[in-house]
Amino acid sequence: MQEIYGNIWDEYNKGRWIVITTNGTTKKDGACIMGRGIAKQTADRFPEFPYILGAAIRRNGNNVFVFDDFRIITFPVKHHWRERADLELIERSLKQLVDWADNPRKHGKFYMVRAGVGNGHRDWETEVKPLYEKYLDDRFVVVEWK
C-alpha cells in the first residue's frame, strides 16, 4: 500500500480507477444514500450512480461492486448511513477488493480514500490503517486530501 496527498479526482481524471466508500442504505426510489464525502462527490458527478449502486445492493447485498463503465469500485464501510463505520465490514470489504484484484491479477493502481475516518468516526492510525496494511499491496494507493 502506498499513501499520497492529493485529490482523488485528479487521479480519476487521468483515467485511473478509484475506490469509493459507501453504505448499504437505499431509499424508497431505489437509490443508495450517498450524502457525504467521496460518495456524495460521486453522486454529484454521476447522478445516475446512486440508482445503479442501489439496484446492485438490493440484488446482492452490501458488498464491493465494480463498475467498469465508471472506473469506480464501491467499498462498504457502513450498513446504515447514520452508523459509525464498522471495522468488521471494512475488513470484509478489503478482502473482497483484494479478491477481485487477484482473480485474475489486475495490474495498475487503484486509488482509494481512508475508509471510515470522516463521517465514519474511526481513527486512521489505530483502527483503519492496520487493516489496510494487512491486506493491501502496492497496487493500492491511499489518497489523503490536501
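What follows is a friendly talk between a trainee and a mentor about a predicted model.

Trainee: Let's start with the helices. Why are α4 and α5 called roughly parallel?

Mentor: The axes of α4 (residues 87–102) and α5 (residues 124–135) come within 10 Å and cross at roughly 25°. Angles under 35 degrees count as roughly parallel, so α4 is roughly parallel to α5. The crossing of these two helices is right-handed.

Trainee: Which residues make that contact?

Mentor: From α4 come Leu87, Ile90, Glu91, Leu94, Lys95 and Val98. From α5 come Glu127, Val128, Leu131, Tyr132, Lys134 and Tyr135.

Trainee: How do those contact residues divide into nonpolar, polar and charged?

Mentor: Eight are nonpolar, four are charged and none is polar. Tyr counts as nonpolar here, so Tyr132 and Tyr135 of α5 belong to the nonpolar group.

Trainee: On to the strands, then. What makes β4 largely enclosed by the rest of the structure?

Mentor: A residue is buried when its relative accessible area is under 20%. In β4 (residues 72–78), seven of the seven residues are buried, and therefore the strand is largely enclosed by the rest of the structure.

Trainee: How do you know that β4 pairs with β2 and with β3?

Mentor: Pairing needs at least two bridges between the strands. β2 (residues 17–23) is joined to β4 by six bridges, and the two run parallel. β3 (residues 65–67) has three bridges to β4, in the antiparallel sense. Because both counts satisfy that cut-off, both are pairings. Look at Thr74 of β4: Ile20 stands opposite this residue, and Thr74 is also the bridge partner of Phe65.

Trainee: What links β3 to β4?

Mentor: They form a hairpin, with four residues between the strands. Arg71 is in the turn, and its phi is positive, about 60°, although Arg71 is not a glycine.

Trainee: Why is Arg71 called partly exposed, while His121 is called exposed?

Mentor: Partly exposed covers values between the 20% limit for buried and the 50% limit for exposed. Arg71 has 24% relative accessibility, so it counts as partly exposed. Exposed means over 50%, and His121, at 53%, therefore counts as exposed. His121 lies in the loop between β5 and α5, and its phi is also positive, near 60°.

Trainee: Where is the cis peptide bond?

Mentor: It joins Asn103 and Pro104, with omega about -10°. Pro104 lies in the loop between α4 and β5 (110–112).

Key:
Residues numbered from 1 in each chain as written. Predicted model: local features only at pLDDT ≥ 70, side-chain atom pairs only at ≥ 80, totals over all residues. Heavy atoms only, no water. Axes fitted to C-alpha atoms, helices over the stretch in contact; angles between N-to-C directions. Parallel < 35°, antiparallel > 145°, perpendicular 65-115°, else oblique. Left-handed = near helix turned anticlockwise from the far one by under 90°. Contact = heavy atoms within 4.5 Å. Buried < 20%, exposed > 50% of the residue type's maximum accessible area, 1.4 Å probe, protein only.
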